[in-house]
Amino acid sequence: MLSYRHLFHAGSFADVFKHVLLTRLLLSLNEKDKAYFYLDTHAGTGLYDLSRPWAQKGREFESGITKLWDRTDIPAAMKPYMDIVRAENADGHLRYYPGSPRIARKLIRPIDRIALTELNKTDCAELHALFTRDRNVNVQLMDAYQGLKAHLPPKERRGLVLIDSSFDRSREFARLAEALADAHTRWATGTYAIWYPMMGAGVIRGFEKQIEAAGIRKVLQFELSILPEDASTMPGSGMIIINPPWKFDTEMRTLLRWVWSALNVKSAGGVKVNWLVRE
Ligand SMILES: C[S@@+](CC[C@H](N)C(=O)[O-])C[C@H]1O[C@@H](n2cnc3c(N)ncnc32)[C@H](O)[C@@H]1O
């Protein structure tokens, strides 16, 4: 039974952080002519109407995309992400927020391929409707960890896997690390982006140790938080990137610092960039 629905959280500061990094990773894949594969294991519905009751309940988008919407000083590296969000809201009013599948669809080229897995039947039906008759996109009602086994390695030999779990089950960090080790054995050269909530330094350290123990190399870690660590709600979130593009650490440090300053009203939290394992 899945309790998490992304409808409640769309456009939040965690989504902005995740989707800015996702956009930069896909743009980097676009720099080479050869086709690539994008797998989104926890895809959600793909597009969110922020005027619907679920989104209006906590209005989490106010901690994220709302804060960027009227900014006129968006850095060049962030413009492609903002252009995608703006394209969903052609009348200039922020109402729709694109999820990771929609963002990826806007960025891939005709030669590239997307596979989306989602376990919630209702969300998967919405996702399916969004990509009906789209020959570049394959939507499956499937468990993420089964999907990793089914899709990896891809025939394209280059690409990105986004693992964006809802962390609504116990042991999710451990399960994730085990699945990642297995996926990496199947496809060591792909890029992986794994999102996680900052919910206890001990749990995250355990996750980092499991990744280190799996023998995976070139592991870069980003964290962006906007609340103090002892906050009663999630203060921030992180992303582990395996096989990041060249200079991704320095380029994203600058960009994420800008994002943090734009999102943060209370000057709490910050940005962390750390090589968990180098070459
Ligand atoms: C954080 S949301 C995904 C958001 C989406 N990646 C985005 O950025 O727009 C997590 C999604 O994973 C789905 N989910 C949870 N457990 C899953 C599993 N084992 N396999 C596939 N999907 C799962 C949930 O139903 C939810 O829609």
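Which polar backbone atom is 2.8 Å from an oxygen atom of the ligand? I looked this up to get started, and the atom belongs to serine 100. A friendly reminder to myself before going on: this is a predicted model.

**Entry 1: around the ligand**

I listed the surroundings of the ligand and found 22 residues. The closest are His19, Glu118, Asp143, Ala144 and Asp164. I then sorted this shell by character: six residues are nonpolar, nine are polar and seven are charged.

Next I looked up polar contacts. In histidine 19, an N or O atom of the side chain is 2.8 Å from an oxygen atom of the ligand. Leucine 119 takes part through its backbone, where an N or O atom lies 3.2 Å from a nitrogen atom of the ligand. I also checked how much of the ligand is covered: on its own it has 600 Å² of accessible area, and the protein covers 99% of that. As for the pockets, I noted that the ligand takes up the space of the largest one.

**Entry 2: aromatic pairs**

I turned to the rings next. A pair of aromatic rings is described by the distance of the centres and the angle of the planes. My count came to seven aromatic pairs.

I picked out phenylalanine 167 and tryptophan 195, whose ring centres are 6.2 Å apart. Why is this pair edge-to-face? Its planes are at 65 degrees, and over 60 counts as edge-to-face.

I also wanted to know where the two partners sit. Phenylalanine 167 is in the loop between strand S6 (159-163) and helix H8 (172-186), while tryptophan 195 is in strand S7 (residues 191-197), so the pair ties together parts that are 28 residues apart in sequence.

**Entry 3: backbone notes**

Most residues other than glycine have a negative phi, and most peptide bonds are trans. With that in mind, I looked for exceptions.

I found a cis peptide bond running from leucine 152 to proline 153, with omega near 0 degrees. Where is proline 153 placed? I traced it to the loop between helix H7 (144-151) and S6.

I also noted arginine 133, which is not glycine yet has a positive phi, near 60 degrees. Arginine 133 is in a loop too, the one between helix H6 (121-130) and strand S5 (137-141).

Notes: Residues numbered from 1 in each chain as written. Predicted model: local features only at pLDDT ≥ 70, side-chain atom pairs only at ≥ 80, totals over all residues. Heavy atoms only, no water. Near = heavy atom within 4 Å. Polar contact = N/O pair within 3.5 Å; in protein donor to acceptor, adjacent residues only side chain to side chain. Areas by Shrake-Rupley, 256 points an atom, 1.4 Å probe, with all protein chains shown as cover. 1 Å grid on protein atoms, 1.4 Å probe; cavity = no way out; pocket = protein on both sides within 12 Å on 5 of 7 lines; lining within 4 Å. Sits in = over half its atoms within 2 Å of the grid points. Nonpolar A, V, L, I, M, F, W, Y, C, P; charged D, E, K, R; others polar. Phe/Tyr/Trp six-rings, centres within 6.5 Å; stacked < 30°, edge-to-face > 60°. Helix = DSSP H or I, 4+ residues; strand = E, 2+ residues; numbered from the N terminus.
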